[in-house]
Amino acid sequence: MGHLKVATFASGRGSNILSIIDAIKRGELSCQVVLVVSDKLDSGALKLAEENDIPAFFIDQQQFDSPDAFDLVLLNALEEAGTELIALAGYLKKIRPAIIQSYRNRILNIHPSLLPAFGGKGMYGMKVHKAVLDYGCKVTGATIHLVDDQYDSGAPLLQESVAVLAGDSHETLAQRVLKVEHALYPRALQAFAEKRIEIHGRQVCIKPANIQ
Ligand code: GRF
């Protein structure tokens, strides 16, 4: 089976991208990260790409005269890299319709809560974990979902819960959720690589590995 070519997008440190790269190195993931895209020149994600000899691509929509021009350059970079699937990992910009159309049902995002709780515009990073604690939740978690044209609203693919413990701070909670995130992304990507994903509207199923 050929390796699934994945482009990853991140605005921040890129620990989820690292978890994907590490799973590939361990031989647990039949994917190749063909491009790391970031809207932040000083992001950890771009640094990680360099360190791992993966093409890094910085692109900032503000530097383009029109959204169409931005779409064209980004789509071209994705196509040139041979992208088959896009994995968003802490990318803070909304994905534009042209990209969604070109990669329909082939764009994933990871979110550090059990969506639809604590998602949507402006809900990212520590804000999510603070909101979970402020609400008094006993359970939170991580979600991997398909990406549509709204923030955090596409159909879920994988969700895993994490208990909120007495005395948790947003940092301790974030750490435990992140650990789960790092296991979930490789699982989701491997299911795509093995063509075990079935999409029926919002019902997205992963078939077990042994009955393909
Ligand atoms: C993760 O918590 C992810 O769920 C969210 O942004 C964070 C990115 O972290 N979308 P990292 O850059 O992968 O370390």
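**Entry 1. Terms and model**

In these notes, helices (H or I, at least four residues) and strands (E, at least two) are DSSP runs, numbered from the N terminus. The model I examined is predicted.

**Entry 2. The cis peptide bond**

I applied these element names to Pro116, which I found in the loop between strand 5 and helix 5. I then looked up the peptide bond from Leu115 to Pro116 and noted that it is cis, with omega near 15°.

**Entry 3. The sheet**

In what order do the strands of the open sheet of seven strands stand? I read the order as 3-2-1-4-5-6-7, with mixed pairing. The edge strands are strand 3 (56-58) and strand 7 (156-163), and each of them pairs on one side only. I also recorded the turn between neighbouring strands of this sheet, which is 20° on average, with direction ignored.

As a reminder to myself, strands of a sheet pair through backbone hydrogen bonds, in either a parallel or an antiparallel manner.

I next followed strand 1 (4-9) to its partners. Strand 1 and strand 2 pair in the parallel sense, and I noted six bridges between them. Within this pairing, I located Leu4 opposite Cys31 in strand 2. Strand 1 also runs parallel to strand 4 (residues 85-88), to which four bridges join it. Here Thr8 stands opposite Ala87 in strand 4.

How many of the six residues of strand 1 are buried? I noted five, and the strand is thus recorded as mostly covered.

**Entry 4. The hairpin of strand 8 and strand 9**

I turned to strand 8 (residues 197-200) and strand 9 (residues 203-206), which run antiparallel and are joined by four bridges. The bridge partner of Ile197 in strand 9 is Ile206. The hairpin has two residues between its strands, and I noted that Gly201 takes a positive phi near 60° in it.

**Entry 5. Helix 1 and its packing**

Which residues of helix 1 are buried? I listed Ser15, Asn16, Ile17, Ser19, Ile20, Ile21 and Ala23. I then looked up what these buried residues pack against, and found strand 1 (4-9), strand 2 (31-38), helix 2 (44-51), strand 5 and helix 6. Following helix 1 comes Gly27, with a positive phi near 80°.

**Entry 6. The largest pocket**

I recorded about 860 Å³ of space in the largest pocket. The pocket is lined by 36 residues, and those closest to its centre are Gly90, Tyr91, Leu92, Tyr124 and Gly125. I then asked which elements give two or more residues to this lining. They are helix 1 (15-25), strand 5 (107-111), helix 5 (126-135) and helix 6 (170-193). Helix 6 gives the most, with four residues.

For the chemical character of the lining, I entered 14 nonpolar, 15 polar and seven charged residues.

**Entry 7. Positive phi outside glycine**

I looked up two residues other than glycine with a positive phi, Asp53 and Lys195. Phi of Asp53 is near 55°, and this residue lies in the loop between helix 2 and strand 3. Is Asp53 buried or exposed? Its relative accessible area is 72%, so I entered Asp53 as exposed, the cut-off being over 50%.

For Lys195 I noted a positive phi of about 55°, and I placed this residue in the loop between helix 6 and strand 8. Lys195 has 69% relative accessibility and therefore counts as exposed.

**Entry 8. Two distances**

How far apart are the C-alpha atoms of Glu51 and Lys121? I noted a separation of 32 Å, for two residues that stand 70 residues apart along the chain. Glu51 lies in helix 2, and I recorded it as exposed because its relative accessible area is 53%.

The second pair was Leu165 and Ala191, which are 26 residues apart in sequence. From C-alpha to C-alpha, I entered 31 Å for this pair. I placed Leu165 in the loop between strand 7 and helix 6. With a relative accessible area of 45%, Leu165 is partly exposed, since this class lies between the limits of 20% and 50%.

How values were computed. Residues numbered from 1 in each chain as written. Predicted model: local features only at pLDDT ≥ 70, side-chain atom pairs only at ≥ 80, totals over all residues. Heavy atoms only, no water. 1 Å grid on protein atoms, 1.4 Å probe; cavity = no way out; pocket = protein on both sides within 12 Å on 5 of 7 lines; lining within 4 Å. Points joined across faces, edges and corners; volume = space filled by probe spheres on them. Nonpolar A, V, L, I, M, F, W, Y, C, P; charged D, E, K, R; others polar. Buried < 20%, exposed > 50% of the residue type's maximum accessible area, 1.4 Å probe, protein only. Contact = heavy atoms within 4.5 Å. Pairing = 2+ DSSP bridges. Axes fitted to C-alpha atoms, helices over the stretch in contact; angles between N-to-C directions.
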